Amino acid sequence: MKPVAIKDNVFWVGAVDWNSRDFHGYSLSPMGTTYNAYLLKDTKTTLFDTVKHTSKPEFLCRLSQALDGDLTKIDYIVVNHLEPDHAGCLPELVERAKPEKIFTSPMGKRAMDAHFHQTDWPVEVVKTGDSISLGENTVRFIETRMLHWPDSMVSYIPEKKLAICNDIFGQNIASSARFADEANRAVLEHAMREYYANIVNPYSAVTLKTLDALAGMNLDIDMIAPDHGLIFRGDDVAYAMNSYRAFAEQKPTAKAVIAYDTMWHSTEKMAEAIGQGLEDAGIDVQIMWTKANHHSRIQTELHNAGALIVGSPTHNNGILPGVAALLTYVKGLRPLNKVGAAFGSFGWSGESVKCISEHLESMGVELVEGVKCKHVPDHEALGQCYDLGQAVAAALKAKL
Ligand code: FEO
């Protein structure tokens, strides 16, 4: 549990949470995550963020080693974001380090008051464009409101060419590696997309504006240090920026996600026939049973897909709960540029296709008319499903 030097006098002092498996509904299985915090030693030694309270012993151990056992060497604490996975150890640290100042954004101050209810902390509010001197180094603050909380901000240290970015560019990877260039690239890319799709996606318009604003500031950055996962250095800085721009644009690709639940396999058979229709039209297909795939995994696959086709049998005049949960989760993440359709079997009343179609429409999916089938699909019904796959493929190709 040693601190890791990431630059001269800059140390990673975070924690690896190998066992975390849920982040308010986003499955972290199988990799867990890290909570990154950074220490810069200067005339004013400064800590950037803390970690989740469950990782406090590991964090304090690492931090203490970086400070020769004396937490009171911390002069300043910068709180880039108040969510408890980064500010969870703030009260104890303030108590033990007795910092001269705590810097946070205007919305950060409000969140800090509402979380911790402390009136005697030495808080100083900083806004975009403000900077503070630490001695040889300065910290320039850039608010990134709604990326992904109102309080979020980036701390840029020009002398180090270092941007400490909080959740932006994060990935949920628990690893002994600290840098992106030490990791398997496919694993990294998947983790970046997964994080974006499940956390940042609703704020895609803000992401694009922020990337433009950062580019307009002509910041000299050779290291991006997020508060989760691996650190980007060298050429990976441009890689991270370009990846984020592509994620935020949400351009559709020739890929379809078919998500369904089934009672007695009729809706499942329909899913397979729809998938065949899409495949025969040249569309890459992911068929995902909601009981076998966590909703955040389906959301990750959906992120770069151009089509979402959702199926459920009719159950108590509605849809199965796993499909309802998926639709609620995906709608909250505001997917863009999708075509789609609904399908499902039924015994007597048959509301599921209408119900799913309404959900999809409410999230802005461009709908192709769905297919429903009484009890078990016969050859004709499966043909209708195949045709639905072909029709969705045609609608999708029109958008590419
Ligand atoms: Fe990693 Fe918004 O907390």
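## A tour from the whole chain to a single serine

With the full chain displayed as a surface, begin with its accessible area, which comes to about 16300 Å², 52% of it belonging to carbon and sulfur atoms. The model is a predicted one, and every stop below should be read with that in mind. Switching to the C-alpha trace, you will find that the chain spans about 75 × 40 × 35 Å along its principal axes. A cartoon view then brings out twelve helices and 23 strands. If you colour by burial, buried residues account for 57% of the 400 residues in the chain. A contact map adds a further view of the fold: among contacts between residues at least 6 apart in sequence, 72% join residues that are at least 24 apart.

Next, select the open sheet of six strands, whose order is β12-β13-β14-β15-β16-β17 and whose pairing is mixed. Its edges are taken by β12, at residues 131–133, and β17, at residues 232–233; each has a single partner strand, so one side of each is left without a neighbour in the sheet. Staying at the β12 edge, add strand β13, residues 138–143, which pairs with β12 in the antiparallel sense over three bridges. Within this pair, label S133 and look across to T138 in β13, which stands opposite S133.

Now hide the sheet and select helix α5, residues 185–200, together with helix α9, residues 295–303. How do these two helices pack? Their angle is about 105°, and their axes lie 9 Å apart. Since angles of 65 to 115 degrees count as roughly perpendicular, α5 is therefore described as roughly perpendicular to α9. To see what makes the contact, show side chains for H190, R193, E194, Y196, A197 and N198 on α5, and for S296, Q299, T300 and H303 on α9. Colouring this contact of α5 with α9 by residue class gives two nonpolar, six polar and two charged residues.

For the last stop, centre the view on S55, which is placed in the loop between strand β8, residues 46–48, and helix α1, residues 56–66. Is this loop residue buried or exposed? S55 has a relative accessibility of 7% and therefore counts as buried, the cut-off for that class being under 20%. To inspect its surroundings, display A15, D17 and Y35, which S55 touches when residues up to four places away in sequence are not counted.

Definitions and conventions. Residues are numbered from 1 along each chain as its sequence is written. This is a predicted model: local features need pLDDT of at least 70, side-chain atom pairs count only at pLDDT 80 or more; totals for chains, interfaces and linings use all residues. Side-chain values use heavy atoms; hydrogens and water are left out. Two strands pair if DSSP finds at least two bridges between them. Helices (H or I, at least four residues) and strands (E, at least two) are DSSP runs, numbered from the N terminus. Axes are lines fitted to C-alpha atoms, for helices over the stretch in contact, and angles run from 0 to 180 degrees between N-to-C directions. Angles under 35 degrees count as roughly parallel, over 145 as roughly antiparallel, 65 to 115 as roughly perpendicular and the rest as oblique. Contact means heavy atoms within 4.5 Å. Ala, Val, Leu, Ile, Met, Phe, Trp, Tyr, Cys and Pro count as nonpolar, Asp, Glu, Lys and Arg as charged, and the others, Gly among them, as polar. Buried means under 20% relative accessible area, exposed over 50%, partly exposed in between (1.4 Å probe, protein chains only). Accessible areas come from the Shrake-Rupley method with a 1.4 Å probe; for residues, only the protein chains shown count as cover.
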